[in-house]
Amino acid sequence: MDNQGDVLDVKPIRCLTPFFPAYAFSQVAPPDGSSVGPGMNPLPPFTQPAMFATPESQRRPISSKTPKSSNGGAGSSRTRKTARKRTVDRPVSSRSFPQPTPISSFRLQDAEGSSEGRTRQSKRYKSVENVDDGFTFSLADGGDRGPVGEVMKTFDALRRRLLQLEDAKDMSPGVSRRPDLKAGNIMMTRGLRATKGKRIGGIPGIEVGDLFFFRIEMCLVGLHTPVQGGIDYMTSKFDDGEEPIAISIVTSGGYEDEDDDPNILIYTGQGGSTYREGKQADDQKLERGNLALERSLRRGNLVRVTRGVRDLTTPAGRIYFYDGLYKVQQLWMDKGKTGFNIYKYKLERVPGQPNGLLVWKLTQQWRDNPPSRGNVILPDISSGAESIPVILVNELDDERGPAHFTYSVKVNYPNNYVPIAPRHGCACSSVCIPGDPDCACSQKNDGDLPYSSTGFLVSHKSMLYECGASCPCSVSCRNRVTQRGIRLQFEVFKTSNKGWGLRSWDPIRAGTFICEFTGQVLDEIKGMDGDEVDDNEYIFEANNIDEKALGWNYIPELLGESRTDDLNDGAKPFSFYIDAGKMGNMSRFMNHSCSPNVFWQPVLHDHNDEQYPHIMFFALRHIPPMTELTYDYGLGQTNPGSRKMKKCLCGSTSCRGEF
């Protein structure tokens, strides 16, 4: 990676003024499809781009039927007559668009990779109530993300719970389990969506890099309406008539797209999809989404692009991430691999947006070849203590690392402390089985195993009990997640104004175990005067309640369940501290945020003293690669006056100003 290259001037995307060609309208049509307002320039008759300027004898007429739009659509009577026939060139031997730029020549625009450089939501959203079963669902608690954040959190919490319930059933082999579709259907039926309409341009609350593990998630937040289709479009009114225009596309690997360049996408149109043995069986036609993309080329409107990348941990084998706003620049017809005609669209990314695909390309390159990561100070700050190296990097200045400390993956109790002996555990011979009434560890966790089959935490609890030394089950038991150590590639990096921080090269799914907070366990902060305590940035105060974790759980009423006390009061203060100033692990570098993406969960496994649980961190929401990991320190909330208040630098719109 060239570290000497110029860094682009990143501006919040909502501060960009969309630029359209002189022949286009001066403003994007309103999201509700109303007519273009006063003072907007009507579009003159369509002039074909230079790529289409071939002799008349070589042109090939293509039917231009009016599609039914995905939101009810318009019939043929609503489309301008001049759009009924179009001529499109046959493919040319050499394309006129730029070739992909080598990934090594790009540089990350945001050196911290955090959400600080992203667009902030200052708008306060109204609540949406559902009173069918006597409960209220509020979309005003999503922090910086507004309704989007709340809907995403509720959907995934509901999906995890449905998966937990199905895990406890005796599922026959081959039975399809789609808790994502079940959760989506429940929320759709209840009207629990961030937005129900369609709009052109960005979606408030959705930022470049945001992750989606299921297509239904995009539908719920209004990013992309079709659950399967790759092109989302709407019929919009203009001064010179109504036309379908594309508003969003998703690449999923089903077509012959070319997406190696972080700024250029060559997108293959839809259709011809009577697939036989996975092969295209017909020519594509200029209709529906294909026609909408062609009209977007003419109209110059912005199109949202969501890219799919390979991930074998998901049912579909892909993760989707929002890559930002693009504009359609060119269109041509080509021959597909099976010999049938396909449409190709060149889309170019709007400049000035945060990095999207570039981050994925770089982190993949680093995972495949760790030495390719530049600006490395230490290849492993843990000196082999962690199963996966924790890299130390500095892309900002010449500082060679944090002050000296001893890296430890375990907490250190006081010399006079004698932990209560491990409790009597389960009698499971190999692994704990969901729904087993004889599993003592399951019963300690209210009758359910707390983790899914893939190791994700289902719900936050006041105390979580993992299998311990007295349990005969193996280390691969699903109830031993936090004991197996870290499973992600982390790096400690220098931030611009908060010292050192922590982030991951891997995409992190909500409920993923991050790490334990380790250090010296203290009953009270002693041996330090007031100033020493306030200057120690590495003290974890367990007597503060993690309020963000309280709202992370699913809503039982959506499943017809009764709300339990543990779900209602899923956190409690403890009377101890952990000092990571002189010894600790990478968790000591996690900074505070009033809108965090990580929360802590008390866990017991090696002893039975509920006054001194292990403090384990889990992902509060989906976290894109190279995003700073933060949690809410909670100082000054539940224990005011315990320490001197400090100015908060998190940059969140829900920032309290001090912590």
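A residue counts as buried when its relative accessible area is under 20%. Keep that cut-off in mind as we walk through this predicted model.

Let's start with how confident the predictor is. Averaged over the chain, the pLDDT comes out at 78, and 71% of the residues reach 70 or more. Not every part does that well, though: residues 1-100 have a pLDDT that stays under 50, and for them the model has 187 contacts beyond four places in sequence. Residues 109-137 are also below 50, and this stretch has 84 contacts beyond near neighbours in sequence. So much for confidence; now for some details.

Find Gln-601, which sits in strand β22, a run covering residues 598-604. Is Gln-601 buried or exposed? Its relative accessibility is 0%, so Gln-601 counts as buried. Who is around it? Setting aside neighbours within four places in sequence, Gln-601 touches residues including Leu-457, Ser-459, His-460 and Lys-461. Further along the chain, its contacts include His-614, Ile-615, Met-616 and Phe-618.

Next, have a look at a little group of strands. Three of them make an open sheet, ordered β17-β19-β18, with antiparallel pairing. Which strands stand at the edges? Those are β17 (520-522) and β18 (539-541); each has a single partner strand, so one side of each is left without a neighbour in the sheet. On average, neighbouring strands here are turned by 20° against each other, if you ignore direction.

Finally, zoom in on one pairing. β17 and β19 (residues 577-579) run antiparallel and are joined by three bridges. Within that pairing, you can spot Gln-520 opposite Asp-579 of β19.

Notes
Residues are numbered from 1 along each chain as its sequence is written. This is a predicted model: local features need pLDDT of at least 70, side-chain atom pairs count only at pLDDT 80 or more; totals for chains, interfaces and linings use all residues. Side-chain values use heavy atoms; hydrogens and water are left out. pLDDT is the predictor's confidence in each residue, from 0 to 100. Contact means heavy atoms within 4.5 Å. Helices (H or I, at least four residues) and strands (E, at least two) are DSSP runs, numbered from the N terminus. Buried means under 20% relative accessible area, exposed over 50%, partly exposed in between (1.4 Å probe, protein chains only). Two strands pair if DSSP finds at least two bridges between them. Axes are lines fitted to C-alpha atoms, for helices over the stretch in contact, and angles run from 0 to 180 degrees between N-to-C directions.
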